[in-house]
Amino acid sequence: MDIFQRIASHKLIVALPVLGMAAIYLWQPITELFLTGSYDENVIVQLETETIKVDEHNQLLVLHVKPVNRGSVPVTISGDGKKGKFTVEVKRIDKTPDAQWIERDKLILVNKTDILRHHKDGYTIEPNAYYDEVEAITLPIGIYWVNAKVTFDDSDYVDQSLAVKLANE
């Protein structure tokens, strides 16, 4: 009987079941936090366009800039002079050389706007939500490069670009 009293009084016998239950109970939150990254932010930008004929030489380019947060934590972009930005820029593609890549940095900037001008207190993208920010600009007929970029407060960014042709059709 002396051996049973020693085992029962040993702290390891009590600690092992408690640690086992804690590991089972906390397994899912720990794996989601460290392994799967479920508590991370995951922001993407979707960009869609539509055109409306204004006259023979101009068209209205309507841009739907859609920031999407696929993560499970809200993401805030600060405005008013902080590092966070939410910009859309339009560049004109004048010449398209045969069998050569178009250098986006060498294109002529037509216009650039900051979507945060409408949100002075900043912009928060809630988890599993997307928003549709609409911007419109009248442009002459031609081919344009459109880039939407979300820059976070830590200078990280996500962006999407597309080429759009405005034709008199």
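Guide: Contact here means heavy atoms within 4.5 Å. This is a predicted model, where local features need pLDDT of at least 70, side-chain atom pairs count only at pLDDT 80 or more, and totals for chains, interfaces and linings use all residues. Residues are numbered from 1 along each chain as its sequence is written, and side-chain values use heavy atoms, with hydrogens and water left out.

Visitor: Which residues does I44 touch, leaving aside neighbours within four places in sequence?

Guide: I44 is in contact with K66, P67, V68 and R70. Each of these has a heavy atom within the contact limit of I44, so each counts.

Visitor: How far apart are I44 and K66 in sequence and in space?

Guide: The two are 22 residues apart in sequence. In space, their C-alpha atoms are 8.3 Å apart. I44 sits in strand β1, residues 43-53. K66 sits in strand β2, residues 58-69.

Visitor: What makes a stretch of residues a strand or a helix?

Guide: Both are DSSP runs, numbered from the N terminus: helices are H or I with at least four residues, strands are E with at least two. The protein has 2 helices and 10 strands. From the N terminus on, the order is α-α-β-β-β-β-β-β-β-β-β-β.

Visitor: Why is K66 called buried?

Guide: The relative accessible area of K66 is 12%. Buried means under 20%, exposed over 50%, and partly exposed in between, with a 1.4 Å probe and protein chains only. The value for K66 falls under the buried limit, so K66 is buried.

Visitor: And what makes I44 partly exposed?

Guide: I44 has a relative accessible area of 30%. That lies between the two limits, so I44 is partly exposed.

Visitor: Which residues does K66 touch, not counting those up to four places away in sequence?

Guide: K66 touches I44, V45, Q46, E48, Y130, Y131 and D132.

Visitor: How do you know that K66 and E48 form a salt bridge?

Guide: A salt bridge is a side-chain nitrogen of Lys or Arg within 4 Å of a carboxyl oxygen of Asp or Glu. In K66 and E48, the closest N and O atoms are 3.3 Å apart. That distance is within the limit, so the pair qualifies. K66 lies in β2 and E48 in β1, so the pair ties together parts that are 18 residues apart in sequence. E48 is partly exposed, at 39%.

Visitor: How many salt bridges does the whole structure have?

Guide: A search finds 5. Among them is the pair of E56 and K53, at 3.7 Å from N to O. E56 has a relative accessible area of 48%, and K53 has 46%. Both values lie in the in-between band, so both residues are partly exposed. R92 and D94 make another, with the closest N and O atoms 2.9 Å apart. R92 is partly exposed at 25%, and D94 is partly exposed at 49%.

Visitor: How do you know that β4 and β9 pair?

Guide: Two strands pair if DSSP finds at least two bridges between them. Strand β4, residues 85-93, shares 9 bridges with β9, so the pair passes. The pairing is antiparallel. One of the matches puts V88 opposite A148 in β9.

Visitor: Which strand do 10 bridges join to β9?

Guide: That is β10, residues 157-166, and the two run antiparallel. T151 stands opposite Y157 in β10.

Visitor: Why is β9 called mostly covered?

Guide: Strand β9 spans residues 142-151, and 7 of its 10 residues are buried. Across the protein, buried residues make up 30% of the 169 residues.

Visitor: What makes S155 stand out?

Guide: The phi of S155 is near 70 degrees, a positive value in a residue other than glycine. Most residues other than glycine have a negative phi. S155 belongs to the hairpin of β9 and β10, which has 5 residues between the strands. S155 is partly exposed, at 45%.

Visitor: What is the phi of A99?

Guide: A99 has a positive phi near 55 degrees. A99 is found in the loop between β4 and β5.

Visitor: Why is A99 called exposed?

Guide: The relative accessibility of A99 is 85%. That is over the exposed limit, so A99 is exposed.
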